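Notebook open, structure loaded. I want to look up a few helix contacts, two sheets and some buried spots, and jot down what I find.

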Amino acid sequence: MRVAHKEFVMIRLNDIVDQVLAYHPEADVSLIEKAYVYSAKAHAGQVRLSGEPYLMHPLEVAGILAKMKLDVFSIASALLHDTLEDTETNLGDLNRLFGDEVSQIVDGVTKIGRFEFGSFEERQAENMRKMILAMASDIRVILIKLADRLHNMRTLDFQATEKQRLIAQETLDIYAPLAGRLGIDWIRTELQDLAFSYLDPDMYEEVVGGLRRNEEERERYIKEVKGIIQEKLADFGLKGKVNGRPKNIFSINKKMVTQNLDLEHIYDIIAFRIILETIRECYEALGVVHSLWKPIPGRFKDYIGMPKANMYQSLHTTVIGPYGERVEIQIRTENMHRIANEGIAAHWVYKEGKSVPESDSKRFAWLRQLLEWQQDLQDPREFLETVRVDLFPDDVYVFTPNGDVKPFPRGSTPIDFAYSIHTEVGHHCTGAKVNGKLVPLKYELRNGDIIEIITSAKHVPSKDWLKTVKTSRARTRIRHWIKTEERQRSIVLGRDICEREFRKHGLNFTKYLHSDELLQVTKAFSLQKVDDLLASIGYGKISALQAIGKFTSLLEPEEKPDEALVERAERRERPRQPGGVLVKGLDDIMVRFAKCCNPLPGDQIAGYITRGRGVSVHREECTSLLSSGFERRIEVDWDHEAEEVHPVGLIVICANVKGMLAAISGTLSNHDINILQANVRTRVDNRAECKFVVEVRDITHLQSTMAAVRKIKDVIDVQRSSVLDVE
């Protein structure tokens with residue numbers, strides 16, 4: 001059933017200009033006229049589904065903004081708001097002809113207009129509304145989009161039925177609540193009613209028909225109640241306006257549904273407002289109303305003393321009226337009334353029966369001040385200049401491939417997105433597509449991005465991910481995986497160490513792996529499981545010798561190893577660790593020097609247990625070691641009895657003169673230094689850079705050699721290098 005809506009007469013440019021000059025006599029309307037001419041040329045030949053010239057639409061949108069008393073930049077932008085989307089115009093054209101301010105507003109409206117959505121769950125709709133606000137660095141973008149949607153809803157009759165329902169649902173889910181957020185109540189209620197008429201035309205017509213049938217009776221009732229209130233106010237010396245009107249159709253239907261009543265049994269469909277001059281008079285009028293009719297307990301709200309989060313102020317009370325029915329009465333000042341209907345407000349959550357989070361309250365605090373500024377500023381542009389700000393600076397809102405909206409902290413990456421879907425998706429994430437294009441995993445998500453995650457079963461998390469992720473979920477899952485993986489590695493290493501140590505004592509470790517004796521040893525170290533013991537040995541927290549000492553003391557005499565063999569094993573000289581490094585509590589374990597820092601005897605060193613490669617030895621100040629987990633470090637020390645040489649890199653910066661290389665080589669040879677590699681190149685500053693890989697005994701040997709090289713004439717600097725390749 002097609003609903004007949006009010007006919008709207010096409011507005012003319014002169015009407016818009018006259019309106020602007022009425023509230024801002026000093027306005028430079030030439031920008032509006034220029035935008036009109038450009039829009040007319042750009043849209044020439046285009047028609048709407050109604051058959052009318054397309055120019056009608058931007059004119060009507062501009063007219064709505066003029067009704068809202070916006071500045072000339074807003075109205076010019078409204079006239080141009082569809083040029084980027086529907087004509088050959090580009091952003092550069094608008095910037096050149098109308099300046100950066102207008103072009104950026106039009107660009108913002110265009111970006112928001114590219115999203116099309118159907119029905120939303122409440123949470124998704126809320127995220128979508130926040131995303132639209134987050135995308136708009138200028139509040140005028142939102143105001144133009146609301147006006148655009150309002151006119152499209154007014155002319156929705158010419159769309160196909162299914163398209164009507166999709167647009168109406170999107171309006172009800174997204175745009176009507178947005179208008180409510182900004183305190184523009186007349187746009188909110190009109191959008192709600194228009195959307196309702198397309199989503200449930202039969203019910204809409206039933207409510208409208210019921211209101212129409214009772215119209216005369218309702219008018220008599222409104223007139224009678226107004227007269228009673230005005231007479232009583234006059235008795236107390238109060239001068240104020242009293243008006244009454246039915247609530248909007250959408251709200252009446254919502255009340256019918258929630259209360260499970262038909263229209264005839266909804267008694268508080270009429271709201272009366274008393275508008276006075278001062279706050280003191282508002283409270284006096286409240287006393288007058290309560291002296292007339294009995295108030296209903298729990299239905300009184302003082303939003304003057306405690307304004308709502310969007311700075312809405314009014315006294316609300318519900319009383320038992322003259323015929324025993326409920327009557328809702330609102331009492332406010334003229335300024336409060338203007339703000340409630342037209343002002344840009346700070347928040348909207350109260351309408352959904354929720355409390356306002358403190359973070360949101362602070363985030364919108366700047367908007368509260370606007371209401372005061374708006375009263376003091378005569379130039380609308382000056383007022384709107386103050387609201388060019390990102391409303392959600394800490395959040396970004398992105399889409400899944402299915403169109404769901406997900407919020408993330410600003411700076412989040414595709415890795416955060418992957419873990420928000422599922423832990424396994426995060427673990428196996430290898431890449432991402434954003435808006436159909438491949439991006440690196442360190443890419444920072446932006447408002448409106450459509451994210452698609454690429455996975456591989458063979459891929460696992462990297463510790464480097466912890467440096468880029470922003471969400472606690474991603475960070476927790478990555479840390480848990482790393483901790484689990486490192487524990488498994490330590491268990492394997494611990495078992496290898498125990499097997500060797502048990503073998504030296506003539507015992508088969510596998511035989512005792514699940515024995516009560518080994519479990520007792522585990523509990524003696526205040527651990528719960530044998531795997532915990534193996535992990536601690538693998539980490540280096542407990543030595544295998546300590547464990548086997550406790551274990552053998554628990555064995556039956558016939559199971560204990562031959563004491564003579566054990567004594568000889570303990571007395572024999574401990575085998576030297578390869579590379580001249582001793583690992584505390586362990587022997588017969590593979591040791592290697594880390595290539596990232598290439599330590600030398602005399603450097604302060606630390607060991608790091610690596611899977612399948614024994615212990616990696618680093619200099620203590622090595623950045624790779626510092627960024628690794630402390631739980632896998634192990635104490636190591638130089639074996640000072642070892643007589644070995646170690647490779648080290650050496651960089652010599654010198655003047656580019658003849659015989660320089662020979663002089664350096666001779667000095668190295670004089671200090672018993674063997675040169676493994678050498679490379680010389682001339683730099684752009686005409687100095688020579690000589691790179692060597694040489695063999696030294698220890699750090700003292702290296703330092704004395706470097707001191708000798710520095711004394712060579714024309715040598716500028718000598719540096720140690722961890723790089724063992726001069727290419």
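Entry 1, the small sheet. Working from a predicted model here, I began with a single bridge: Ile609 has Val615 of E14 as its bridge partner. I then checked the whole pairing, and E13 and E14 run antiparallel with five bridges between them. E13 also pairs with E15, again in the antiparallel sense, over two bridges. Tyr608 is the residue I noted there, with Arg633 in E15 as its bridge partner.

Zooming out, I get an open sheet of four strands in the order E12-E14-E13-E15, and the pairing is mixed. The edges are E12 (591–593) and E15 (633–634); each has a single partner strand, so one side of each lacks a neighbour in the sheet. The parallel part turned up between E12 and E14 (residues 615–619), which are joined by three bridges. Arg592 has Ser616 of E14 as its bridge partner.

Entry 2, how buried is E13? I counted five of the five residues of E13 (residues 605–609) as buried, so the strand is largely enclosed by the rest of the structure. In a regular strand the side chains alternate between the two faces of the sheet. I sorted E13 by side: Ile605, Gly607 and Ile609 are on one, Ala606 and Tyr608 on the other, and both faces are covered.

Entry 3, the other sheet. This one is open too, with five strands in the order E1-E2-E5-E4-E3 and mixed pairing. I looked for the edge strands and found E1 (241–246) and E3 (301–302), each pairing on one side only. E3 runs antiparallel to E4 (residues 315–320), with two bridges joining them. I wrote down one bridge pair, Asp302 with Leu315 in E4.

Entry 4, helix pairs. I took H2 (residues 30–42) and H4 (residues 72–80) to begin with: their axes come within 8 Å and cross at roughly 5 degrees. Angles under 35 degrees count as roughly parallel, and that is why I put H2 down as roughly parallel to H4. The H2 side of the contact is Leu31, Ile32, Ala35, Tyr36, Tyr38 and Ser39, and the H4 side is Val72, Phe73, Ile75, Ala76, Leu79 and Leu80. By class I get eleven nonpolar residues, one polar and no charged ones.

Next came H9 (residues 161–181) and H10 (residues 185–199), which pack at about 160 degrees with axes 9 Å apart. That angle makes H9 roughly antiparallel to H10, and I noted the crossing as left-handed. From H9 the contact residues include Arg165, Leu172 and Tyr175, and from H10 they include Ile187, Leu191 and Tyr198. The class split for this contact is ten nonpolar, five polar and two charged.

Entry 5, H19. Is this helix enclosed or not? I find six of the eight residues of H19 (residues 414–421) buried, so the helix is largely enclosed by the rest of the structure. The buried ones are Pro414, Ile415, Asp416, Phe417, Ala418 and Tyr419.

Entry 6, Leu211. I located Leu211 in H11 (residues 201–213). Its relative accessibility is 11%, so I count Leu211 as buried. Which residues does Leu211 touch, leaving aside neighbours within four places in sequence? My list reads Arg218, Ile249, Ile252, Leu263 and Ile269. I also looked up the spacing to Ile249: 38 residues apart in sequence, 9.1 Å from C-alpha to C-alpha.

Notes
Residues are numbered from 1 along each chain as its sequence is written. This is a predicted model: local features need pLDDT of at least 70, side-chain atom pairs count only at pLDDT 80 or more; totals for chains, interfaces and linings use all residues. Side-chain values use heavy atoms; hydrogens and water are left out. Axes are lines fitted to C-alpha atoms, for helices over the stretch in contact, and angles run from 0 to 180 degrees between N-to-C directions. Angles under 35 degrees count as roughly parallel, over 145 as roughly antiparallel, 65 to 115 as roughly perpendicular and the rest as oblique. Contact means heavy atoms within 4.5 Å. Ala, Val, Leu, Ile, Met, Phe, Trp, Tyr, Cys and Pro count as nonpolar, Asp, Glu, Lys and Arg as charged, and the others, Gly among them, as polar. A crossing is left-handed if the near helix is turned anticlockwise from the far one by less than a right angle, and right-handed if clockwise. Buried means under 20% relative accessible area, exposed over 50%, partly exposed in between (1.4 Å probe, protein chains only). Two strands pair if DSSP finds at least two bridges between them.
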